[in-house]
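Thanks for coming, everyone. I'll walk you through one model this morning. Here it is on the screen.

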Amino acid sequence: MSYQEKFRLDGERAVVTGGGRAIGLCCAHALAEAGAAVVVIERNEADAEQALALRDKGYDVELRLGDVTDSSRMEAIANELAESGRPATVLVNNAGIGQNGIAAEDVTDADWLRMMNVNVNGVFWCSRSFGRHMVAMKRGAIVNLGSMSGIICNRPQPQTAYNVSKAAVHHLTRSMAAEWAQHGVRINAVAPTYIETPMVAAVEANRERIPIWLNDTPMGRMGTPEEVASAVLFLASGAASLMTGAIVNVDAGYTCW
Ligand code: NDP
């Protein structure tokens, strides 16, 4: 197989959670362009408009409505795809929430539980439900959206809950990778730096923080959703056939300093 062919995903069925916008949308686009049939999971139809518009380019993109914190819904979607004869062979656990700027002493029980429920439980529910079919098939690739915040406690904003949730995603990645390697299922994560998306833009104080982040970044810039999607595509493809349990920094060198 040529190197170019190793990056192709023809015949694969890829699920992208939160694939309607920003990083998730770019992942859906990248996987579809590589030849995969893509299923986007979003909480409502309006959020999926841009992903479904990829059909105009001739890509195979479908929507399933669901919330990643709803384990029975994730199980139902995974089973439905398997019963259709085309189970998911690629899963991108992208759906996540941010919580920049809440000091640890002010984080409420509800804030903490919601963060863990979406960012950690959601990743596990989806990995377990879609991954079970991959284990049965003895093939599959899962890519999780971790974060540099799961590696370092970046300044200046307090965000303990988010940092802890992403560190958990990294260890979940390694633990499941170790368990499922014997079943031919690879599990890796990307750990991006600040990416220009609604998640970052939603926090007003981030405007003032951007110069500090850039000063702390060897490459001196933030990233784009497309740059994250390129790394996700690589990890999902046969080009990464020897990689499992890796946390791949996509961070402009942020974690070097
Ligand atoms: P956005 O907030 O822009 O997009 C997140 C997407 O996930 C939205 O479509 C959102 O839909 C969906 N989503 C959120 N919660 C759920 C849920 N419970 N069930 C289903 N879908 C859900 O985020 P980004 O694109 O910025 O981030 C994507 C991932 O990358 C996240 O895991 C994030 O933590 C990670 N990341 C982002 C970085 C950044 O700087 N942007 C840096 C490092 C990591 P809805 O409209 O319904 O909320």
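Let's start inside, with strand 2. Six of its six residues are buried, so strand 2 is largely enclosed by the rest of the structure. Buried means 20 or more other C-beta atoms within 10 Å of the residue's own; exposed means 12 or fewer, and partly exposed is in between, with C-beta atoms placed from the backbone. Strands here are DSSP runs of E, at least two residues, and helices are runs of H or I, at least four, numbered from the N terminus.

Two housekeeping points. This is a predicted model, so to speak of local features we need pLDDT of at least 70, and side-chain atom pairs count only at pLDDT 80 or more, while totals for chains, interfaces and linings use all residues. Residues are numbered from 1 along each chain as its sequence is written.

Back to strand 2. Which way do its side chains go? Ala37, Val39 and Ile41 point one way. Val38, Val40 and Glu42 point the other way. All of them are buried, Glu42 included.

Now the partners. Strand 2 pairs with strand 1 in the parallel sense, over five bridges. Two strands pair if DSSP finds at least two bridges between them. Thr17 stands opposite Ile41 in strand 2. Strand 1, residues 13-17, also pairs with strand 4, residues 90-93. That pairing is parallel too, over three bridges. There, Val16 stands opposite Val92 in strand 4.

Step back to the whole sheet. It is open, with seven strands in the order 3-2-1-4-5-6-7 and parallel pairing. Which strands stand at the edges? Strand 3 (61-65) and strand 7 (247-250) do. Each has a single partner strand, so one side of each is left without a neighbour in the sheet. From one strand to the next, the twist averages 20°.

Helices lie across these strands. Helix 2 lies across strands 1, 2, 3, 4 and 5, and runs at about 170° to strand 1. Helix 9, residues 225-236, lies across strands 1, 4, 5, 6 and 7, and runs at about 165° to strand 6. Axes are lines fitted to C-alpha atoms, for helices over the stretch in contact, and angles go from 0 to 180 degrees between N-to-C directions. Contact means C-beta atoms, placed from the backbone, within 7 Å of each other.

The overall count is nine helices and seven strands. The radius of gyration is 17 Å, close to the 18 Å that the globule rule gives for 257 residues, so the protein is as compact as a globular protein of that length. That radius is taken over C-alpha atoms, and the rule is 2.2 Å times the number of residues to the power 0.38. The C-alpha trace spans about 50 × 40 × 40 Å along its principal axes. Buried residues make up 45% of the 257. Take contacts between residues at least 6 apart in sequence: 74% of them join residues at least 24 apart.

Next, the ligand. Which residues come nearest? Of the 30 around the ligand, they are Gly18, Ala22, Gly96, Thr197 and Met199. Helix 2 (22-33), strand 2 (37-42), helix 5 (109-137) and helix 7 (198-201) each give two or more residues to that shell. A residue is near the ligand if its C-beta atom, placed from the backbone, lies within 6 Å of it. By class, the shell has 14 nonpolar, 11 polar and five charged residues. Nonpolar covers Ala, Val, Leu, Ile, Met, Phe, Trp, Tyr, Cys and Pro; charged covers Asp, Glu, Lys and Arg; the others, Gly among them, are polar.

Look again at Ala22. It is found in helix 2. Ala22 counts as buried because it has 22 C-beta neighbours inside 10 Å. Its phi is near 50°, a positive value in a residue other than glycine. Most residues other than glycine have a negative phi. Ala252, in the segment after strand 7, also goes positive, with phi near 55°.

Last, two aromatics. Trp180 is in helix 6, residues 160-180. With 20 C-beta neighbours inside 10 Å, Trp180 counts as buried. Beyond four places in sequence, Trp180 touches Gly131, Val135, Val185 and Ile187. Tyr194 is in the loop between strand 6 and helix 7. Tyr194 has 24 C-beta neighbours inside 10 Å, so it counts as buried. Leaving aside neighbours within four places, Tyr194 is in contact with Val200, Trp213, Met222 and Gly223.

Terms used
Two residues are in contact if their C-beta atoms, placed from the backbone, lie within 7 Å.
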